[in-house]
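Grab a coffee and have a go at a few exercises on charged pairs and a greasy spot. Try each task on the structure before you read its solution.

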Amino acid sequence: MDWLTAENLIAVITALLGVLVSTGAVWYERRVPHQRRIGYRVQLDTAIGAGATHLPVTGPGTTVRRGFFDTSPELANADATIVLLRIENDGGLAITADHYTDGANNGLTVVFGSTAGGTEQPGRRRHVKALVVTAPDHPGLLTHFPDSWRGPADGATSLVLPKVPLNRGAHYKLLVLLTGGPIGTPVEVHGNIAEGVVHVNHSTTPDDKPPVFSRVARAVTVVLTLCVIALAVIIVREQTPPPIGCATGSLTVTGSTAFAPVVRELAKKYEKDCEGATVSVEAHGSTAGIRRLAEEGAKTAKGSPAVIALSDGRKPGGFPQLRESMVAVSLYTLVLNDGVPVDNLTLDQIRRIYRGEIKNWAELVPSMDQPIHLVSRDANSGTREVFQRRVLGRNEPANSSLDCQNSNDSESAVIRCELDSTEQVLSTVAKLPGAIGYTELRDGTGLKGLHRVAIDGRRPVLDEIGESSYPYREIEYAYTWGEPPADSLTSSFLTYLRWGSGQDVIRTHGHLPCSTPKGLRICGDG
């Protein structure tokens, strides 16, 4: 039972609580609103009799009276009390006169006293002396108490009310003067409602402060909050889970120097996530990487060597054993020394510069007399191969300079040197006046001493790949010797590179992952 982990258990409990709460809410919504209910409650029950006149308040039921209460014969009765009774529709459906089923015009019956098992308890009945009906929020209800309704006979112990229609939430009140019994003697309301009930409700009185949430709501909220906190603690404790299919061992990633920053960052992340794995990055150019992979594969008697070769563009011909995977779309850019005040070159101007037809920047910037120095990559470079195929439409001229500044070939039409890495190209262009070179887009960002150059007015913009006709771009390929075993470090890291965390790192470095919807379309078109 591998799924039975702490986080899964808490997640299941949280989900079950959510289902139960939702089910209860649906049940309540369907069950309660479709009942007819009349609720009643006593809001005031107090003694007003003369039994405690002019005496200190010494116990329950005693009063201090003045004025009319002290002079009226009826109110001077020692056991006089006043009751305020609220009657309301606290269900979900309206109640009409037809829903009262006690016959005649009898709606509800109010009994002032107590019964046990249907038998009257002597000395526990109170007698009605007078009453007032009020409905300040629903004055229309008073029309159902016509003059023909005389109320109770003097001294009656119960009160029969007419059939008063009540919309949902409507209510009226009875203020009743009673004698013959102490306060606290139960007040009961009886009646029969079609498809409904008459019950004592427990709504808050005017002096009570209603709670924001019910006890059930508070309990459910506390339990759900504790579950969420516990789940969050577990997630924070582990933070980023290890990638699916971690493998151990050693792996070498070689090839493209332009894509090397991406692979170095991913190698560190993989080693951190997958204990026991070592990923070495040895970037010496795309072609050199392909050749090394082929050499390692030829030495391996069986299976696939732990080597991945990255190439800017497809591999050269003649390596049928290599299996390719498209990783990302890479953008490249031309870079100029900051001393050259040019930020755009046409495709024709670039080709003329590399053919040696434009040798001095003065031909493009009349006020400037500065020889052009071509700082290029060696023959192993995929960045150079892409530049030749996508921009020049032909090979670059031969190497003619050892120091990139002075020509060592008197017959060469250009001053051109070859360097081993993108970093060397950028460093040289930044410090050599009149220099021009090329690089992967991210590496040409934010460096001092040089700037990027647009081609035919178009600049390399990641979000415009596939929409812009900017020519200097290529697909980054990853090559393995045949199909590596599914549980091997080679296969695991390749998956890590192309999916999951790899997508975020690839995009951060200025490339478009082939595994994204837009990347799939562009990579599929080649």
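Here come four exercises, each with a worked solution.

A word on the ground rules: this is a predicted model, where local features need pLDDT of at least 70 and side-chain atom pairs count only at pLDDT 80 or more, while totals for chains, interfaces and linings use all residues. Residues are numbered from 1 along each chain as its sequence is written, and side-chain values use heavy atoms, with hydrogens and water left out.

**Exercise 1.** Find the salt bridge between glutamate 88 and arginine 41, and work out which strands it joins.

Solution. Start with the cut-off: a salt bridge is a side-chain nitrogen of Lys or Arg within 4 Å of a carboxyl oxygen of Asp or Glu. Here the closest N and O atoms are 2.6 Å apart. Next, place the partners: glutamate 88 sits in strand β2 (residues 81–89) and arginine 41 in strand β1 (residues 36–47), so the pair ties together parts 47 residues apart in sequence. Strands (E, at least two residues) and helices (H or I, at least four) are DSSP runs, numbered from the N terminus. Last step, cover: both glutamate 88 and arginine 41 are buried. Buried means under 20% relative accessible area, exposed over 50%, and partly exposed in between (1.4 Å probe, protein chains only).

**Exercise 2.** Aspartate 45 pairs with arginine 126; say how far apart in sequence they are and how much cover each has.

Solution. The closest N and O atoms of this salt bridge are 3.0 Å apart. Aspartate 45 belongs to strand β1, while arginine 126 is in the loop between β5 (119–120) and β6 (127–134), 81 residues away. Now check cover: aspartate 45 is partly exposed at 23%, whereas arginine 126, at 0%, is buried.

**Exercise 3.** Do likewise for glutamate 474 and arginine 390, then put the pair in the wider tally.

Solution. Their side chains meet in a salt bridge at 3.4 Å, N to O. The pair links strand β20 (residues 473–481), home of glutamate 474, to helix α7 (residues 382–392), home of arginine 390, across 84 residues. Glutamate 474 is buried at 5%; arginine 390 is partly exposed at 28%. As for the tally, the structure holds 20 salt bridges. Arg384, Glu396, Arg416 and Glu418 are joined in a salt-bridge network.

**Exercise 4.** Which residues make the nonpolar surface patch of about 220 Å²?

Solution. Leu44, Val132 and Leu175 make this patch. Take leucine 175: this residue lies in strand β8 (residues 171–179) and is partly exposed at 35% relative accessibility.

Patches are made of residues with over 30% relative accessible area and no salt bridge; like charges are joined within 9 Å, nonpolar side chains (Val, Leu, Ile, Met, Phe, Trp, Tyr) within 5 Å. Accessible areas come from the Shrake-Rupley method with a 1.4 Å probe, and for residues only the protein chains shown count as cover.
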